[in-house]
Each structure stands twice: as structure tokens, then as C-alpha cells.
Amino acid sequence: MQELEKKLNYRFRDRGLLSEALNHSSYANEHRSANIRSNERLEFLGDSVLGFVTAEFLFARHPDLPEGDLTRIRAALVCEQSLHEVAQKLELGRYLKLGRGEESGGGRQRPSILADATEAVFAAVYLDGGIAEASALIHRVLLDTEKEEAVEERRRDYKTALQELVQRQSGQELFYRMIGASGPDHCKVFEAEVCLNGKRVGTGTGHSKKEAEQAAAAAALQVLA
């Protein structure tokens, strides 16, 4: 735990909050008798803390941008991919507590699990040290290190780009469909696939159906481009 605190550059007064932030629901379910709580409530709070800090950052940094542009940039900054990258930098997967099934299924590297845990850690810092400490952490690991070109890349409409690529040849049929959904209602994760002429060419996940389709299109572009 001390090792992770060093990476966060934050020392907890109540380390129980950090411990809870690392409890995946699969682990909590396997240890119900011990009254162990999952990180889902912290994740819910962390999502709001992250959204507020990011909105405040963009409001100050881009005084001339309209609301629509600010909203799109914020979505790009706080998307699953961004949070997954933060988790990788912090090596958060090393500290997660997972159930046996999730562990054997590669959950320690699963982007959605790592992204959710990142939000839970943000909430833990907020509850332990207040908004100033949470904001400082979010700036250190995400906002102050984010490059504009990376934001622009995430703002791309991958579905349009894929459609334009496919249309270079006539007679191509491209379609999307949802193939799965998991998680609580307040933070459901959708999985989509994109098929070209009946053959799957990409899959992706996201916290909305649209985000999942965009992720699937991005994966397909890497294969087809």
C-alpha cells in the first residue's frame, strides 16, 4: 500500500479508503462474510469528482471555447482509454483485489476494470483529503500530462473514418451490433462489434453504446487501414 501511495504522491490518513478502492466486485462477492465492500460506490463518486475537476480545468484553460467543444474535450479526457492509461502508469493492476474467476480471466489487465479502479482511487483521495488533494492528483496523473494531439485523436469520429475507408470499394456492407453489457446501471459497460461483409473486423467497449461502437471502429481501422 505504501508503494502505491508513493506513486500517487499522496499519503492516506485512512488507508481503508484506498483498500476499498482496489476491491473489485468479484472479490467482494467472494468475501461477503467478511463484510468487504466493492469499489463500485467509490467509482460512482470518483466519476463525478473527475468530471468536475476536468470541467474546471478546461473552463480556465479554454476561455473562448463554446460549451459543445468543452463537453467533447472533457469526454475525450475522461474516457476509458485515458483512465486505462493512467492505471497503467500507476501499475494499478498489481494492487487490485479480484475474485478467482476474474483473476483467471485476465481481469487484472482489463481496461474497464482498471479505468473503474482509477475513478475509485480518485474518490478515495477526495474523501480522505478533500477536493484540493483529489484535484492535485488528477492534474498530476492526467490533466497536466495530457497532450493536445492525444485529445484530438480521441475526439475523432472513428465510425466515419471506417465508413470512408470501406466505401473505397463498392459493394461493401458494414454494420454494428451490441454483443454484451456488464456492470451496475450507473456505470454499465457495453461491448460492440463491427462486421464487414458478415465478418467481424473489430470489437470495443465503452460506457455507452455509442462509445463502444466508436471503440470497435477504431479497432477495425487498425486491422483494415
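Reader: Why is Glu 193 called buried?

Author: In this predicted model, Glu 193 has a relative accessible area of 2%. Buried means under 20%, so Glu 193 is counted as buried at its 2%.

Reader: How do you know that Arg 177 forms a salt bridge with Glu 193?

Author: The closest N and O atoms of Arg 177 and Glu 193 are 2.3 Å apart. A side-chain nitrogen of Lys or Arg must be within 4 Å of a carboxyl oxygen of Asp or Glu, and the value of 2.3 Å satisfies this, so the pair is a salt bridge. Arg 177 belongs to strand S1 (residues 174-182) and Glu 193 to strand S2, 16 residues apart, and the pair thereby links distant parts of the chain.

Reader: Why is Arg 177 called partly exposed?

Author: The relative accessible area of Arg 177 is 45%. Partly exposed lies between the limits of 20% and 50%, and therefore Arg 177, at 45%, is placed in that class.

Reader: What makes Lys 159 and Glu 213 a salt bridge, and which parts does the pair tie together?

Author: The N to O distance between the side chains of Lys 159 and Glu 213 is 2.7 Å; since the limit is 4 Å, the pair qualifies. Lys 159 lies in helix H11 (residues 158-166) and Glu 213 in helix H12 (residues 209-224), so the salt bridge ties together parts that are 54 residues apart in sequence. Lys 159, with a relative accessible area of 26%, is partly exposed, whereas Glu 213, at 18%, counts as buried.

Reader: How do you know that the charged end of Lys 159 sits over the ring of Tyr 176?

Author: The charged end of Lys 159 is 4.6 Å from the centre of the ring of Tyr 176. The distance limit is 6 Å, which the value of 4.6 Å meets. The charge must also lie within 35 degrees of the ring normal, and the charged end of Lys 159 is assigned a place over the ring.

Reader: How many salt bridges are there, and which residues are linked in a network?

Author: The count comes to 12 salt bridges. Glu 3, Lys 7, Glu 91 and Arg 94 are linked in a network of salt bridges. Arg 108 and Glu 103 also meet in a salt bridge, at 2.4 Å from N to O; the limit of 4 Å is thus satisfied. Glu 103 is partly exposed, with a relative accessible area of 36%.

Reader: Why is the aromatic pair of Tyr 10 and Phe 12 called edge-to-face?

Author: The count comes to one aromatic pair. The rings of Tyr 10 and Phe 12 are 5.0 Å apart, centre to centre, with 85° between the planes. Centres must lie within 6.5 Å, and planes over 60 degrees apart count as edge-to-face; the values of 5.0 Å and 85° meet both conditions, so the name applies. Tyr 10 is buried at 7% relative accessible area, and Phe 12 counts as buried at 5%.

Reader: How do you know that the buried residues of helix H5 line one face?

Author: The buried residues of helix H5 (residues 67-77) are Leu 70, Ile 73, Ala 76 and Leu 77. Seen down the axis of H5, these residues fall within an arc of 125°, so they line one face of the helix.

Reader: Which residues form a nonpolar patch on the surface, and what makes Phe 52 eligible for a patch?

Author: Phe 52, Tyr 126, Leu 127 and Ile 131 form the patch, with about 360 Å² of accessible area together. A member needs over 30% relative accessible area; Phe 52 has 47% and therefore passes this limit. Phe 52 is placed in helix H4 (residues 40-61).

Reader: What makes the phi of Asn 35 notable, and is Asn 35 buried or exposed?

Author: Phi of Asn 35 is near 60°, a positive value in a residue other than glycine. Asn 35 is found in the loop between helix H3 (25-30) and H4. The relative accessible area of Asn 35 is 67%; exposed means over 50%, so Asn 35 is exposed. Asn 197, likewise not a glycine, has a positive phi of about 55°, and is found in the loop between strand S2 (189-196) and strand S3 (199-206). At 43% relative accessible area, Asn 197 is partly exposed.

Note on methods: Residues are numbered from 1 along each chain as its sequence is written. This is a predicted model: local features need pLDDT of at least 70, side-chain atom pairs count only at pLDDT 80 or more; totals for chains, interfaces and linings use all residues. Side-chain values use heavy atoms; hydrogens and water are left out. Rings of Phe, Tyr and Trp (its six-membered ring) pair if their centres lie within 6.5 Å; planes under 30 degrees apart count as stacked, over 60 as edge-to-face and the rest as tilted. Buried means under 20% relative accessible area, exposed over 50%, partly exposed in between (1.4 Å probe, protein chains only). Patches are made of residues with over 30% relative accessible area and no salt bridge: like charges are joined within 9 Å, nonpolar side chains (Val, Leu, Ile, Met, Phe, Trp, Tyr) within 5 Å. Accessible areas come from the Shrake-Rupley method with a 1.4 Å probe; for residues, only the protein chains shown count as cover. Helices (H or I, at least four residues) and strands (E, at least two) are DSSP runs, numbered from the N terminus. The arc is that of the directions from the helix axis to the C-beta atoms.
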